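Trainee: Could you walk me through reading an interface, a metal site and a few strands in a model?
Mentor: Sure, let's put it up and go through it together.

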Amino acid sequence: MQGIINRAKELIDRYNTGEFIKIMEVCGSHTMAISKYGLRQILPPNIKLISGPGCPVCVTAQNEIDASISLASQGVTIATFGDLVRVPGNDSSLQEERAKGKDVRVFYSPLDALDYAMANPSKEVVFIGIGFETTIPSVAMTIKEAYTRKIKNYSVYCLHKTMPKALEALVVNGSDIQGFLLPGHVSAITGSSIYGFLVDKYKIGGVVSGFEATDILMSVVMILKNLKDPKIEIQYKRVVKEGGNTEAQRLMDEIFEESDAEWRGLGMIEGSGLKIREKYSEYDAEKKFNIKKPNSRTEIKGCRCGDVLKGLITPKQCPLFGKACTPLNPVGPCMVSSEGSCAAYYKYGE
Amino acid sequence: MQGIINRAKELIDRYNTGEFIKIMEVCGSHTMAISKYGLRQILPPNIKLISGPGCPVCVTAQNEIDASISLASQGVTIATFGDLVRVPGNDSSLQEERAKGKDVRVFYSPLDALDYAMANPSKEVVFIGIGFETTIPSVAMTIKEAYTRKIKNYSVYCLHKTMPKALEALVVNGSDIQGFLLPGHVSAITGSSIYGFLVDKYKIGGVVSGFEATDILMSVVMILKNLKDPKIEIQYKRVVKEGGNTEAQRLMDEIFEESDAEWRGLGMIEGSGLKIREKYSEYDAEKKFNIKKPNSRTEIKGCRCGDVLKGLITPKQCPLFGKACTPLNPVGPCMVSSEGSCAAYYKYGE
Amino acid sequence: MDKVLMSHGGGGSMMQSFISEIFIEKFNNEYLSQMEDAALLPGKTVFTTDSFVVKPIFFSGGDIGRLAICGTVNDISMRGAKPLFLSASFIIEEGFPIDDIKRIVDSMVDAANEAGVQIVTGDTKVVEKHSADGIFINTAGIGILHDEASVSIKNGKPGDAVIISGTIGDHGMAVMGDREGLDFEPPLLSDVSPLNKMVEKLMTLKDAVKILRDPTRGGVAEVLYEIASMSNVGIKIYEDKLPVKESVKSACSMLGIDYLHLANEGKLVCVVDKDYAYKALEIMKDDKYGKDAAIIGEIDDSGLVTIETIYGTNRIVDRPIGELLPRIC
Amino acid sequence: MDKVLMSHGGGGSMMQSFISEIFIEKFNNEYLSQMEDAALLPGKTVFTTDSFVVKPIFFSGGDIGRLAICGTVNDISMRGAKPLFLSASFIIEEGFPIDDIKRIVDSMVDAANEAGVQIVTGDTKVVEKHSADGIFINTAGIGILHDEASVSIKNGKPGDAVIISGTIGDHGMAVMGDREGLDFEPPLLSDVSPLNKMVEKLMTLKDAVKILRDPTRGGVAEVLYEIASMSNVGIKIYEDKLPVKESVKSACSMLGIDYLHLANEGKLVCVVDKDYAYKALEIMKDDKYGKDAAIIGEIDDSGLVTIETIYGTNRIVDRPIGELLPRIC
Amino acid sequence: MCIAVAQKVLKIDGDVAETELNGLKRRVSISMVPDVKIGDYVMVHAGVAISIVDKETAEEDLKLWEEMEEALRESFKQN
Amino acid sequence: MCIAVAQKVLKIDGDVAETELNGLKRRVSISMVPDVKIGDYVMVHAGVAISIVDKETAEEDLKLWEEMEEALRESFKQN
Ligand code: SF4
Ligand code: SF4
Ligand SMILES: [Mg+2]
Ligand SMILES: [Mg+2]
Ligand SMILES: [Mg+2]
Ligand SMILES: [Mg+2]
Ligand SMILES: [Mg+2]
Ligand SMILES: [Mg+2]
Ligand SMILES: [Mg+2]
Ligand SMILES: [Mg+2]
Ligand SMILES: [Mg+2]
Ligand SMILES: [Mg+2]
């Protein structure tokens with residue numbers, strides 16, 4: 001490995017031309033891996049890897065967090081992924097609700113949440129559906145199965161978001177991003193062709209990358225190589241096909257349809273979210289519990305998560321970073337989620 | 001006090017004639033007081049105070065205990081008086097059910113149980129109604145109040161028993177009892193005239209007694225004085241009136257009607273129990289939960305509670321007393337209830 | 001029964017046999033089988049532990065924090081030792097108010113200062129909501145034997161005097177009163193107090209002080225039974241000599257409870273050579289926590305624990321079995 | 001937040017500040033503020049306590065009973081002392097199976113015998129159903145300092161070697177695996193073990209052994225941070241030197257957890273004068289519980305806790321905050 | 001049977017009274033003793049007053065006892 | 001985004017497979033990779049296999065990299 005790393009480093013160094021090159025890693029797991037492996041140390045100073053809106057916890061809108069919290073206080077069982085419980089809402093968080101005695105449970109898989117609902121028929125279990133295309137099919141599976149088995153005490157609060165429109169929002173008004181490190185596991189589902197518009201409309205290329213240090217460095221080399229002639233390529237060929245996983249796409253399409261979605265930092269983006277189709281509406285927690293998103297503060301005072309998510313600043317440029325805002329006392333969601341850019345920068349000392 | 005005690009003792013000693021005189025204290029609280037004060041030590045050897053069927057826990061039939069236990073396992077909240085939780089049923093007890101996670105709660109007053117039901121509307125609270133005329137009016141009050149306030153989650157499993165018919169059962173086939181120490185607090189409700197039949201039909205007198213040592217000794221003197229010319233007298237005049245508490249009688253009569261009842265040791269005694277009147281049937285747990293008394297063992301192997309309750313033997317004459325049967329490992333209910341004759345004899349070393 | 005019942009922890013005979021069968025037998029060693037409130041280790045070191053689970057956490061006259069300090073201070077003292085160092089270990093239910101923790105810790109600090117002991121090591125665990133009821137505290141403690149102390153539950157001999165350091169049942173009834181909503185006027189307060197200063201003075205009587213025991217769970221009755229059984233003697237006490245508050249007596253008669261079964265947390269039962277009985281009584285009465293001390297009986301050879309009633313009759317003292325249940329009929 | 005959260009007990013930085021603010025400050029004394037696993041008292045006596053609340057109670061490779069003995073034996077050992085006497089205090093939920101208690105006590109007896117310690121005093125409380133989750137055990141322990149031992153979390157100096165006594169994260173992942181239904185082949189067993197014999201041998205190196213710490217809650221990462229902070233130094237470790245089972249690594253990558261955050265219950269982190277590093281390593285490797293011991297890094301003066309990755313890059317070691325949550329996205 | 005204890009009525013509020021005994025105060029139902037007045041003693045069982053204690057009788061009790069005792073002593077003497 | 005880890009399929013039982021990685025066994029849903037066979041590697045996210053790892057490609061990856069690297073080195077030389 002060390003061998004390839006060195007060879008990649010040597011190649012990348014050739015691009016140390018003084019010309020400033022900004023590459024955005026869209027995916028939170030890439031942000032984590034880059035920080036964890038210390039890959040930024042390998043890049044020459046003119047090549048900047050900046051983080052994008054690829055942490056699903058981070059982009060969940062404030063009023064969606066608050067709606068989930070107020071749902072918890074209504075006596076239903078909230079089933080969710082780990083990080084979400086720590087995100088501060090307007091005046092509480094799911095972990096604080098749990099400490100008050102509300103039933104908030106962390107699951108590793110949505111399938112486990114459905115199993116839990118089936119094993120506890122007297123509880124009303126609501127899964128908080130966050131995540132991008134990687135996660136969406138597994139949530140879709142639970143709805144399909146609940147429908148088939150006529151399970152009445154399970155539903156999903158659908159806060160899912162999808163990648164392509166958000167990427168477009170980042171560049172539609174011009175941007176200095178010269179290439180995208182594209183998400184590997186999202187693309188395993190969607191395929192790589194969904195990114196074609198980046199080249200066609202905005203002349204920005206990208207590489208779908210794996211998550212090993214070698215994958216990421218190879219992908220960076222590939223992006224650099226194509227700077228003049230932007231393309232969408234797949235580095236992570238062993239996992240990602242151009243057409244993606246058609247079975248998963250079919251399932252997603254059966255359960256969900258496109259809708260608008262509000263992204264923290266990016267605002268409302270047309271067609272960037274999903275909602276549960278009418279046929280499955282009894283599994284739609286929003287309808288079942290008549291959830292109304294509250295009028296939350298859209299921004300947390302001083303927190304620049306929005307700019308971090310848009311890649312406009314690095315976490316360190318936020319004045320609160322490492323001072324008022326630390327993983328111990330996170331101000332914004334980018335510091336809460338362990339995949340959040342601010343958390344990754346803080347934890348791994350970048 | 002010591003003065004009166006001495007004077008009473010001196011008077012009682014005059015009856016130390018060699019002639020065997022058997023006086024039954026009907027009431028468990030008298031049994032307790034006699035043991036606790038060590039009053040038997042004061043009596044000459046020919047005067048025997050023997051205990052009767054006056055401990056409500058002890059006379060509750062085995063199948064009533066078992067029915068209560070199985071009710072607990074159905075997910076309702078069992079509300080009950082303290083001693084009852086320890087009584088062994090066929091294969092469990094209320095305290096064992098509680099240890100298994102069933103909701104069994106001890107209350108000092110039936111009114112507290114009703115309050116608990118009102119404070120916990122999602123629970124179904126069933127009060128196990130045991131006890132004689134002293135307790136019955138307070139249980140009646142809860143039913144009346146639940147009815148008036150339209151409380152839907154409270155009911156009573158009515159196992160109440162009444163005194164007069166049981167007393168008659170003890171003497172109807174002949175008996176060597178020469179006088180009754182009659183229950184003070186039962187009589188505060190019923191009045192003393194209900195005991196008239198003892199004199200009229202069976203030529204046995206009795207004295208309604210208070211619970212202080214002086215009360216009991218005075219009552220014994222009064223019984224001895226009247227041996228030749230049996231009467232029903234009231235020693236406990238400060239509390240008991242000949243007519244009793246008419247308000248309480250009215251309330252009891254409004255809620256309950258006479259029924260047959262099975263007494264441990266004494267068997268089925270016609271007209272010696274109560275059932276909830278039709279008008280209040282929604283508060284009758286027997287109907288609400290369709291309770292069927294199981295086919296329990298009627299006797300516990302070796303346990304002579306029945307004979308103890310009939311006054312045929314003293315606890316010490318039971319071969320299990322103090323050996324297989326102790327308050328730590330009670331075999332029969334007379335050892336469980338702290339008012340039980342066996343427990344009183346064991347605890348206070350008689 | 002194959003499950004643990006409340007009665008197994010109630011401080012009566014059920015607990016005694018449970019503990020003997022499960023713990024003493026298996027852990028089996030010379031120290032544990034002493035059956036004392038605290039173990040006497042080589043080097044005159046005394047060591048004890050107790051976990052505190054009282055409900056309510058804040059009760060009339062004290063709280064779980066004061067109790068956790070006093071309980072262990074007293075168990076060390078009851079071995080004839082001077083308590084020096086305590087540990088404090090907390091098991092806290094998720095969601096427990098931090099202000100309540102502070103209040104409890106403050107109260108521990110006060111009690112420790114009063115007793116003159118230091119809390120030198122600790123631990124904190126947080127468990128999920130509904131996995132504990134608020135807060136549990138364990139304290140363990142180390143002390144050092146007083147000079148020439150020779151105190152043991154096995155020391156009782158016929159003729160020795162039995163002394164109680166004050167009114168009986170205050171803690172148990174204060175806590176039960178809080179739970180049952182009893183309202184006392186003047187308020188009935190728990191007696192929870194550190195007794196180490198009193199014991200320090202008592203120990204000037206050296207081996208004339210034969211047994212010290214704090215009548216906590218199971219009350220005075222249980223302590224008397226344990227003394228009778230471990231010293232292989234009998235005990236006779238006198239009802240008219242027992243110091244009991246009238247309000248406690250009234251509450252007991254109302255709830256059908258024997259005050260000899262109620263827990264005390266600031267009282268000790270002391271068995272003293274009869275020649276030193278009045279001296280010991282005087283020492284106790286001079287102490288802040290001993291003004292109601294009384295000689296309540298004596299050791300005999302009957303093998304029984306008996307009480308002479310106010311009527312001059314004698315009966316066996318009722319030994320507590322397990323859970324204290326209010327009795328109604 | 002005015003309520004206790006799970007994270008307050010998770011062994012990370014949130015717990016550290018919670019404990020400092022609430023307990024250390026208020027109880028405030030020279031012993032407690034040592035911030036050691038055990039307090040060093042006058043007379044070379046060492047004293048510690050821990051409560052054990054592990055779920056499940058019986059886990060792969062051990063149970064709460066073995067854990068309760070080893071945890072306290074190890075905390076005493078980590079002070080450079082020989083553990084001698086333990087207390088054992090049980091809080092039991094009504095309805096808990098008596099057979100399970102027996103099994104737990106048997107396992108305590110075995111662990112105590114293995115470690116050569118005696119359980120000399122105890123306590124049992126029973127709480128109502130739903131007032132506790134099965135059983136909680138507190139053990140406190142007393143030990144005596146080894147000759148010339150001079151072990152303290154404040155002793156680290158740049159240049160000292162950092163050694164771990166074996167594979168990292170086995171206990172934490174075994175328990176999490178039981179909870180999450182992970183199935184390891186060969187089975188992943190908790191490392192719960194008494195380390196006092198290993199420490200006894202290590203202490204023949206006398207004051208060359210500078211720091212001993214068992215990386216329990218919060219894992220190796222938290223111990224390194226505590227050392228760095230209390231010794232006022234930095235620490236550098238090397239990813240390629242860390243002994244970690246492949247199966248533990250795989251489970252960590254699957255659950256999104258850092259193995260440096262996982263609890264260990266039979267491992268120690270040892271800071272040694274660099275001239276004695278290989279000698280210490282040899283002693284550990286000779287011990288039953290030390291065969292995978294490794295020198296994993298050294299103390300520096302950076303003030304940071306850093307790791308050199310297998311790619312030759314450097315980064316800060318992630319400090320655990322609180323609750324370990326499986327991460328999915 | 002059935003424990004009951006005499007308590008003094010301090011306050012009356014509809015069907016409920018505040019009672020007192022040696023400093024122990026309780027709230028008890030008085031709906032079964034409608035004639036009760038402040039200052040009366042009531043026998044309380046399970047939170048319910050079941051009768052009013054007749055103070056005169058309580059004092060008479062002793063007198064009655066003494067009379068009866070006297071009479072009995074006389075009768076014994078005669079035998 | 002979203003953690004996924006490659007695991008080897010040991011057994012297939014309808015929609016569920018038993019997978020293994022370094023001795024860690026799991027049950028995962030394979031309903032989204034209907035073509036999977038025993039011995040395949042699958043990428044598993046949140047208990048669901050989201051794609052089959054193409055073993056040939058995995059091996060080719062390195063070759064491709066080497067080809068590209070070579071080409072790049074050449075192109076750099078030319079500059
Ligand atoms: S450092 Fe904190 S406050 Fe600043 S952008 Fe990140 S999350 Fe927001
Ligand atoms: S001693 Fe026990 S077995 Fe014998 S009659 Fe009494 S309760 Fe029954
Ligand atoms: Mg004690
Ligand atoms: Mg103790
Ligand atoms: Mg104690
Ligand atoms: Mg600890
Ligand atoms: Mg609770
Ligand atoms: Mg430690
Ligand atoms: Mg410790
Ligand atoms: Mg520890
Ligand atoms: Mg104890
Ligand atoms: Mg539980």
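What follows is a short talk through the interface of two chains, a metal site and some strands.

Mentor: Before we start, this is a predicted model, where local features need pLDDT of at least 70, side-chain atom pairs count only at pLDDT 80 or more, and totals for chains, interfaces and linings use all residues. Residues are numbered from 1 along each chain as written, chains are lettered from A and ligands numbered from 1 in written order, and side-chain values use heavy atoms, without hydrogens and water.

Trainee: How many residues of chain E are in contact with chain C?
Mentor: Contact means heavy atoms within 4.5 Å. Here 12 residues of chain E touch 16 residues of chain C.

Trainee: And how much area do chain E and chain C bury between them?
Mentor: Buried area is the accessible area (1.4 Å probe) that two parts lose on being put together, summed over both. For this pair that's about 1300 Å², with 63% on carbon and sulfur atoms. On the chain E side, E:I3, E:L24 and E:K25 lose the most, together 44% of what that side buries.

Trainee: What about salt bridges and polar contacts between chain E and chain C?
Mentor: A salt bridge needs a side-chain nitrogen of Lys or Arg within 4 Å of a carboxyl oxygen of Asp or Glu, and the rule finds 0 across this interface. A polar contact is a pair of N or O atoms within 3.5 Å; within protein, one must be able to donate a hydrogen and the other to accept it, and residues adjacent in sequence count only if both atoms are side-chain atoms. There are 4 such residue pairs between chain E and chain C, both residues at pLDDT 80 or more.

Trainee: Which strand of chain E pairs with β9 of chain C?
Mentor: Strands (E, at least two residues) and helices (H or I, at least four) are DSSP runs, numbered from the N terminus, and two strands pair if DSSP finds at least two bridges between them. Strand β9 (residues 183–184) of chain C runs antiparallel to β3(E), joined by 2 bridges. In β3(E), E:K25 is the bridge partner of C:D183.

Trainee: Which protein atoms are donors of the magnesium ion (ligand 4)?
Mentor: Donors are N, O and S atoms within 2.8 Å of the metal (3.2 Å for Na, K and Ca), and sites may look incomplete, as water is not among the atoms. For ligand 4 the protein donors are C:T48 (OG1), C:T49 (O) and C:D75 (OD), at 2.4 to 2.7 Å. C:D75 also bridges this ion and the magnesium ion (ligand 3), which lie 5.6 Å apart.

Trainee: What does β1(E) pair with inside chain E?
Mentor: 4 bridges join β1(E) to β4 (residues 41–45), antiparallel, and 5 bridges join β1(E) to β2 (residues 16–21), also antiparallel.
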